[in-house]
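Here is a short set of exercises to work through with the model open beside you. Try each task before reading its solution.

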Amino acid sequence: HMNVNLQMNYWPTYVTNMAECAEPLINYIDALRAPGRVTAKIYAGVESKDGEENGFMAHTQNNPFGWTCPGWNFDWGWSPAAVPWILQNCWEYYDFTRNADYLKEKIYPMMKEEATLYDQILIKDADGKLVSSPSYSPEHGPKTSGNTYEQTLVWQLYQDTIEAAGIVGETDTAKVTQWKKNQSDLKGPIEVGDSGQIKEWYTETTVNSLGQGYNHRHLSHMLGLFPGDLISVDTPEWLAAARVSMENRVDKSTGWGMGQRINTWARLGDGNHAYKLITDLFDGGILTNLWDTHSPYQIDGNFGYAAGVAEMLMQSHAGFIQLLPALPDVWSEGNVSGLKARGNFEIAMQWKQGSLSEATILSVKGNECRLRTAVPVTIKQGSKEIASSSPVTSNGKEYYEAVFATTAGTSYRVNPVTP
């Protein structure tokens, strides 16, 4: 299924430094394009004649034999936004590796075609905003004209495709302009409800006023927080609302449901809650065969857990590398090596008494590095100090940031400043 499960299988791929493992996924999604054009013609009226790439569509259930139609039941089968979601996994191959040639050859053509599809199928709602309709939030609630799940994923698709267009040198500037306009004209994607929650549907009032809500396994309205980057410390109202929504979903769930929750609480910066979910997962979400629970058994929750641990130790989605962003109290001392941050930086670090004690950053591609820590640090190349951090305030908390140029293949030492 491509309404969370396939995506989750690949969440740990890049951050745990195994980008090559994503290449079969990218090839698989590319192979869905031709049959997906048939589905787009039948279900959306978007036709691609020979040689044209006007848009492809796939849904929750798909397979290597070209199954891209919604299936026999709308309540689980309809999910055209499954493609924008899985394309996040594909785009992140570039974001972590910075392989611009691979982006241009393999990934951008898929993104461009999917953005082109939405250029044609978005419609204006009663308030004049663009929506994807009909929309269904996996796997509960009403069928509506737009919802947070669909709108968030379409927003992220445009966001990533616009950035990719600049990198590959897209010559169709009118198309890029259209993408920017459509993105700005989208309904939502995020609205805050009467309970202070992120609405899952735009007609929602309080939590649980629509759908199952409480304790539902899916977190479809949370995708702007994880794995997307729409909700972050730069949007404090939405970040606070995300916490309200997560508390309403509670912790106990399917194995993969708990795996997703670990990542989402890590993005909220709550390491203790993320750790509780790890204990919940091992207590009731992992079977004796070591697969996760959801009848009969699945593997996605295991991969969700692995990605979640990495998110607790290091995050890089918000334009900077943050070390130990969601460290639980019980992990007061430890070390990790081989984590990969966006921009193609390899991270190793140690911490004691819940605080960073040492880190090494290997710059694989030579990009500028923006580092955020909870304590002031200095950056050294060999014995030479090249940068030091300065205090910044973000979402009411004080951090320290250092920005420094790097050289490809060079390692940099990060050391806390001794009082």
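**Exercise 1. The second largest pocket**

How do the residues of the lining of the second largest pocket divide into nonpolar, polar and charged?

*Solution.* Keep in mind that this is a predicted model.

Step 1: Locate the pocket. Asp-95, Ser-316, His-317, Gly-319 and Arg-342 lie nearest the centre of the second largest pocket, and its lining has 26 residues. The space in this pocket comes to about 500 Å³.

Step 2: Find the elements around it. Two or more lining residues come from each of α6 (82–97), α8 (148–168) and β10 (369–373). Of the elements, α8 gives the most, with 5 residues.

Step 3: Sort the lining by class. The second largest pocket has 8 nonpolar, 9 polar and 9 charged lining residues.

**Exercise 2. The largest pocket**

Describe the largest pocket by its volume, its central residues, the elements that line it and the classes of its lining residues.

*Solution.*

Step 1: Start with the volume, which is about 680 Å³ for the largest pocket.

Step 2: Turn to the lining. The largest pocket is lined by 33 residues, and Gly-269, Gln-322, Pro-325, Lys-397 and Tyr-399 are those nearest the centre.

Step 3: Assign the lining to elements. Helices α10 (236–249) and α11 (255–267) each give two or more residues, as do strands β6 (321–323), β9 (355–363) and β14 (397–404). The top contributor to the lining of the largest pocket is α10, with 4 residues.

Step 4: Sort by class. The lining of the largest pocket holds 18 nonpolar, 11 polar and 4 charged residues.

**Exercise 3. A pair of helices**

Work out how α4 and α7 are oriented, and list the residues that make their contact.

*Solution.*

Step 1: Take the axes. Those of α4 (residues 33–44) and α7 (residues 100–121) come within 13 Å, with a crossing angle of roughly 0°.

Step 2: Classify the angle. Angles under 35 degrees count as roughly parallel, so α4 is roughly parallel to α7.

Step 3: List the contact. From α4 come Arg-33, Arg-37, Ala-40 and Ala-44, while α7 supplies Pro-109, Met-110, Glu-113, Leu-117 and Ile-121.

Step 4: Sort the contact residues of α4 and α7. There are 6 nonpolar and 3 charged residues, and no polar ones.

**Exercise 4. Cis peptide bonds**

Inspect the peptide bonds that lead into Pro-189 and Pro-227, and place both prolines in the fold.

*Solution.*

Step 1: Look at Gly-188 and Pro-189, which are joined by a cis peptide bond with omega of about -5°. Pro-189 sits in the loop between α9 (173–185) and α10.

Step 2: Move on to Phe-226 and Pro-227. The bond between them is also cis, with omega near 10°. The loop between α9 and α10 is where Pro-227 is found.

**Exercise 5. Positive phi outside glycine**

Examine phi, location and accessibility for Asn-215 and Asn-395.

*Solution.*

Step 1: Begin with Asn-215, a residue other than glycine whose phi is positive, near 65°. Asn-215 lies in the loop between α9 and α10.

Step 2: Check its accessibility. Asn-215 has a relative accessible area of 31%, so it is partly exposed.

Step 3: Repeat for Asn-395. Its phi is about 50°, again positive although Asn-395 is not a glycine. Asn-395 belongs to the loop between β13 (390–394) and β14.

Step 4: Finish with accessibility. Because its relative accessibility is 39%, Asn-395 counts as partly exposed.

Methods:
Residues numbered from 1 in each chain as written. Predicted model: local features only at pLDDT ≥ 70, side-chain atom pairs only at ≥ 80, totals over all residues. Heavy atoms only, no water. Axes fitted to C-alpha atoms, helices over the stretch in contact; angles between N-to-C directions. Parallel < 35°, antiparallel > 145°, perpendicular 65-115°, else oblique. Contact = heavy atoms within 4.5 Å. Nonpolar A, V, L, I, M, F, W, Y, C, P; charged D, E, K, R; others polar. 1 Å grid on protein atoms, 1.4 Å probe; cavity = no way out; pocket = protein on both sides within 12 Å on 5 of 7 lines; lining within 4 Å. Points joined across faces, edges and corners; volume = space filled by probe spheres on them. Buried < 20%, exposed > 50% of the residue type's maximum accessible area, 1.4 Å probe, protein only.
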